[in-house]
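Me: Got a model I'd like to walk through with you. Can you take my questions one at a time?

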Amino acid sequence: TLHGLARHGEFEWHLPMTSGMRVPAIVFGSLELVRAMDDKTLTQLRNVACLPGIVRAAMAMPDAHSGYGFPIGGVAAFDPAHGGVVSMGGVGFDISCGVRTLLTGLTRDHILARREELADALFRAVPSGVGRGGTIILEGEDLAAMLEGGAVWAVGRGYGQPADLGRIEDGGRMPGAVPGHVSPHAGKRIRDQLGSLGSGNHYLEVQWVEKILDPARSAAFALKEGDVVVSIHCGSRGLGHQIGQDFIDELAPGGKARRKGKNAAPNPYLPVPDREMVCAPIDSEPGRRYLGAMRSGINCALANRQVITHLVREVFADIFPTARLDLLYDVSHNTCRAESHRVDGKEKTLFVHRKGATRALGPGHPDLPAALRGAGQPVLVGGSMGTASYILAGTTEGEARSFSSACHGAGRVLSRTEARRRFVGRDLMESLRHQGVFVRTMSSRGIAEEAPGAYKDIDEVTSSAAGAGLAAPVARTLPLVCVKG
Ligand code: 5GP
Ligand code: MN
Ligand code: MN
């Protein structure tokens with residue numbers, strides 16, 4: 001056996017039930033992927049299965065690797081009526097980090113001769129790298145309006161078009177945001193940063209559709225072989241990180257606020273020994289407060305990707321005046337959402353944490369826009385700057401398997417430190433260029449950390465997700481231009 005896991009099908013593995021686990025812990029993936037997972041990822045998954053109010057199972061997607069508290073690639077749903085919790089480490093620090101993909105109406109042939117120019121123009125237009133911000137200044141009421149309004153706010157300010165909103169989860173605005181629960185320090189960290197990519201793993205990539213894997217769904221997504229798409233991966237910048245940190249400081253044992261004596265009472269909400277599993281009951285004062293702040297973080301990320309979309313459209317309008325950058329879809333992969341799911345034959349409202357995991361609604365789901373309802377929700381999966389990325393679609397089986405969730409990327413195999421030891425940023429950029437990928441970045445050190453070799457095999461990850469019934473492959477894309485954070 002591998003890590004003591006029991007096989008429950010070709011792509012499904014269960015951890016042995018140990019004391020404290022309230023539900024099974026399930027890993028989805030091929031034998032090769034599961035064999036390569038480290039013990040820390042599985043220990044974290046087991047910790048998740050011990051949390052109060054967890055429903056059905058703690059789950060790890062095929063791209064899972066270890067993170068803060070919960071594994072990245074972790075999915076867990078909690079029932080507020082049974083002591084269910086919300087956890088900062090279950091959402092992830094970059095609240096509502098996600099991927100948005102734009103169609104362009106261009107083909108690879110249009111782009112090839114002007115790749116260099118396009119790469120330079122995108123790099124100039126969209127701020128990237130640590131701390132590099134933009135021209136929008138957000139303070140006071142403007143900040144609160146953005147945190148409440150998300151992409152709806154951005155469109156109202158002239159960034160993008162109303163038609164975009166139907167192609168964003170929740171119509172571009174997460175309800176229930178309470179900007180008053182976001183600390184002033186967190187607010188300051190977005191002050192001049194809206195419309196920026198941030199660092200490292202985030203990217204703005206021009207890709208071409210190398211292979212159509214599902215003709216019917218591709219038609220619904222308006223994708224054809226040879227088409228060019230733009231993929232934007234980023235989140236809520238420093239604001240989201242600070243929201244997570246603020247609540248961890250308040251609620252973790254030995255957290256900063258406690259050390260300062262500001263909140264000396266022991267946290268009654270911490271159920272497991274790992275201090276990184278900080279959480280609060282959904283139905284509690286700090287739980288509600290975190291949800292109000294976290295939803296503000298979601299709106300911040302939705303607004304951020306909307307503003308970046310506007311900047312990308314300006315660049316394309318300059319270079320390719322015939323291009324039409326319509327939004328295919330925008331999906332977040334670091335969230336906790338209140339959703340309706342069927343449990344033991346009853347519809348229930350559950351708080352579904354997806355950390356480094358993508359929602360993947362199946363065909364017919366009422367929350368999908370009419371044009372996508374027949375095909376299922378687009379699931380946008382990054383690979384790396386030197387390999388394929390994928391567009392998948394949610395499945396009907398996914399609801400029962402994983403609360404309609406799937407993988408969000410290839411997932412790391414090497415830590416950032418290890419990747420820096422093994423790869424040299426400048427050399428990588430050179431070899432990518434020979435491969436036909438034009439990379440632009442503020443940080444060549446960041447490039448080493450993001451080397452294609454630092455990630456799992458994206459084909460293996462997506463075929464595992466498909467094999468497990470979590471999502472259906474629709475199209476495989478390859479990179480042409482990548483602006484890296
Ligand atoms: P995360 O949100 O966990 O930081 O990253 C999501 C996924 O994006 C990673 O698991 C990785 O597979 C993918 N990824 C990272 N860098 C790039 C890139 O430059 N281009 C593409 N297409 N995917 C990337
Ligand atoms: Mn991400
Ligand atoms: Mn992120």
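Here is the walk-through, question by question.

Reply: Sure. This is a predicted model, so local features need pLDDT of at least 70 and side-chain atom pairs count only at pLDDT 80 or more, while totals for chains, interfaces and linings use all residues. Residues are numbered from 1 along each chain as its sequence is written, chains are lettered from A and ligands numbered from 1 in the order in which they are written, and side-chain values use heavy atoms, leaving out hydrogens and water.

Me: Which residues coordinate the manganese ion (ligand 2)?

Reply: Donors are N, O and S atoms within 2.8 Å of the metal (3.2 Å for Na, K and Ca); water is not among the atoms, so sites may look incomplete. Along the chain, the donors here follow the spacing C-x135-H-x99-H. At 2.1 to 2.4 Å, they are Cys 97 (SG), His 233 (NE2) and His 333 (NE2).

Me: How many residues apart in sequence are the parts that Cys 97 and His 333 tie together?

Reply: Cys 97 sits in the loop between helix H3 (88-91) and strand E7 (98-107). Helices (H or I, at least four residues) and strands (E, at least two) are DSSP runs, numbered from the N terminus. His 333 is in the loop between strand E11 (327-332) and strand E12 (334-343), so the pair ties together parts that lie apart in sequence by 236 residues.

Me: Which residue bridges the manganese ion (ligand 3) and the manganese ion (ligand 2)?

Reply: The protein donors of ligand 3 are Asp 94 (OD), Cys 97 (SG) and His 202 (NE2), 2.1 to 2.4 Å from the ion. The two ions lie 3.6 Å apart, and the bridging residue is Cys 97.

Me: Is Cys 97 buried or exposed?

Reply: Buried means under 20% relative accessible area, exposed over 50%, and partly exposed in between (1.4 Å probe, protein chains only). Cys 97 has 3% relative accessibility, so it counts as buried.

Me: What is the nearest side chain of opposite charge to Arg 237?

Reply: Arg 237 is in helix H10 (residues 237-251). It is buried yet has no salt bridge (a side-chain nitrogen of Lys or Arg within 4 Å of a carboxyl oxygen of Asp or Glu). Lys and Arg count as positive and Asp and Glu as negative; His and the chain ends are not counted. At 7.1 Å, the nearest side chain of opposite charge is Asp 94.
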